[in-house]
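Colleague: Could you take me on a close look at one part of this model, the neighbourhood of its first strand, and then carry on outward from there? I would enjoy one connected account.

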Amino acid sequence: MLYGVSLGPGDFELLTLKAYRILKEVEEVIVPGELAYEIVRKIREPKLVKIPMGRAEEVIEELSSELAEKCVEKDVAFAALGDVAFFSTFQKIAEKVTEKNKNVEIELIPGVPSFTSVFSKLKLFVNAPILITTPEFEEVKFKVVLKAKNPRKISETFEKDGFEVVQAEKIFMEGERICKPEDKASYFTMVVAWKGKCTL
Ligand SMILES: C[S@@+](CC[C@H](N)C(=O)[O-])C[C@H]1O[C@@H](n2cnc3c(N)ncnc32)[C@H](O)[C@@H]1O
């Protein structure tokens with residue numbers, strides 16, 4: 001198994017209990033930088049694999065070949081700052097590992113991302129639609145709708161615009177369900193839409 005473990009924005013206390021347990025239990029933890037190294041070192045000694053700008057492809061290729069073999073029998077964690085599902089090196093690593101060996105199971109462990117934690121720091125309450133992006137964006141490729149009581153209606157326009165859409169209900173809760181958008185949904189439901197190849 002290969003875990004992508006989210007370390008949160010940088011404060012050790014913002015690590016989740018699940019991340020803590022997995023970091024303790026796996027056979028090896030790999031970190032891509034000094035800050036991640038310092039967080040994991042409080043739990044155990046990780047292996048630092050730097051991924052420098054000019055050599056990123058080469059290092060990722062080498063690392064993913066190693067993990068594609070190792071992670072069939074062993075549990076290894078790649079631990080990175082923030083949430084590994086967002087703009088993370090782990091995406092490339094996970095994609096390459098899957099490409100090289102379909103027998104490797106991959107799991108992402110969510111964490112506190114920089115762009116939600118900053119609101120607590122600023123004592124800002126988000127109570128209206130929000131855009132989270134990188135500077136080079138041309139088109140929104142991900143949409144999340146909270147308070148999605150009528151998922152099917154919400155998803156109709158997204159689908160017309162070429163998005164894939166799911167209804168995500170009770171995520172990480174008992175009764176978790178991910179399905180095609182339905183007419184009605186419970187309170188703990190989001191609609192998640194995306195465009196282009198970005199899933200494993
Ligand atoms: C490659 S993205 C990774 C985002 C990360 N996966 C997350 O969930 O926060 C790196 C960018 O996230 C932002 N970032 C990450 N950690 C931050 C922090 N502790 N404070 C401010 N910005 C941060 C900065 O804009 C930085 O350039």
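Modeller: Happy to! Two strands pair if DSSP finds at least two bridges between them, and the strands themselves are DSSP runs of E with at least two residues, numbered from the N terminus. Please keep in mind that this is a predicted model, in which local features need pLDDT of at least 70 and side-chain atom pairs count only at pLDDT 80 or more, while totals for chains, interfaces and linings use all residues. Residues are numbered from 1 along each chain as its sequence is written, and side-chain values use heavy atoms, with hydrogens and water left out.

Let's start with β1, which spans residues 2–6. Of its 5 residues, 5 are buried (under 20% relative accessible area with a 1.4 Å probe, protein chains only). In a regular strand, side chains alternate between the two faces of the sheet. In β1, Leu 2, Gly 4 and Ser 6 belong to one side, Tyr 3 and Val 5 to the other, and both faces are covered.

β1 has a partner in β4 (residues 76–80), parallel to it and joined by 5 bridges. One of the matched positions is Ser 6, whose bridge partner in β4 is Ala 80. β1 also pairs with β5 (residues 106–109), again in the parallel sense, over 4 bridges. There, Gly 4 stands opposite Leu 108.

Following the pairing outward gives an open sheet of 5 strands, in the order β3-β2-β4-β1-β5 and with parallel pairing. At its edges stand β3 (47–48) and β5, each with a single partner strand, so one side of each has no neighbour in the sheet. Further along, β2 (residues 28–31) pairs with β4 in the parallel sense over 3 bridges, and Val 29 is opposite Ala 77 in β4.

Next, the ligand. The residues around it (those with a heavy atom within 4 Å) are Pro 9, Leu 81, Gly 82, Asp 83, Phe 86, Phe 87, Pro 113 and Ser 114. By class, this shell holds 5 nonpolar, 2 polar and 1 charged residues; Ala, Val, Leu, Ile, Met, Phe, Trp, Tyr, Cys and Pro count as nonpolar, Asp, Glu, Lys and Arg as charged, and the others, Gly among them, as polar.

Three short distances stand out for a chemist's eye. An oxygen atom of the ligand lies 2.7 Å from a backbone N or O atom of Asp 83. For Phe 86, a polar backbone atom is 2.8 Å from a ligand nitrogen. Ser 114 brings a polar side-chain atom to 2.6 Å from an oxygen of the ligand. Taken alone, the ligand exposes 560 Å² (accessible area by the Shrake-Rupley method with a 1.4 Å probe), and the protein buries 44% of that.

There is another sheet to compare with. It is open too, with 4 strands in the order β6-β9-β7-β8 and antiparallel pairing. Its edge strands are β6 (142–145) and β8 (177–179), each pairing on one side only. From one strand to the next, the twist averages 20° (axes are lines fitted to C-alpha atoms, with angles from 0 to 180 degrees between N-to-C directions). β6 and β9 (residues 189–194) pair in the antiparallel sense over 4 bridges, with Val 192 in β9 as the bridge partner of Val 144.

Methods. Polar contact = N/O pair within 3.5 Å; in protein donor to acceptor, adjacent residues only side chain to side chain. Buried < 20%, exposed > 50% of the residue type's maximum accessible area, 1.4 Å probe, protein only.
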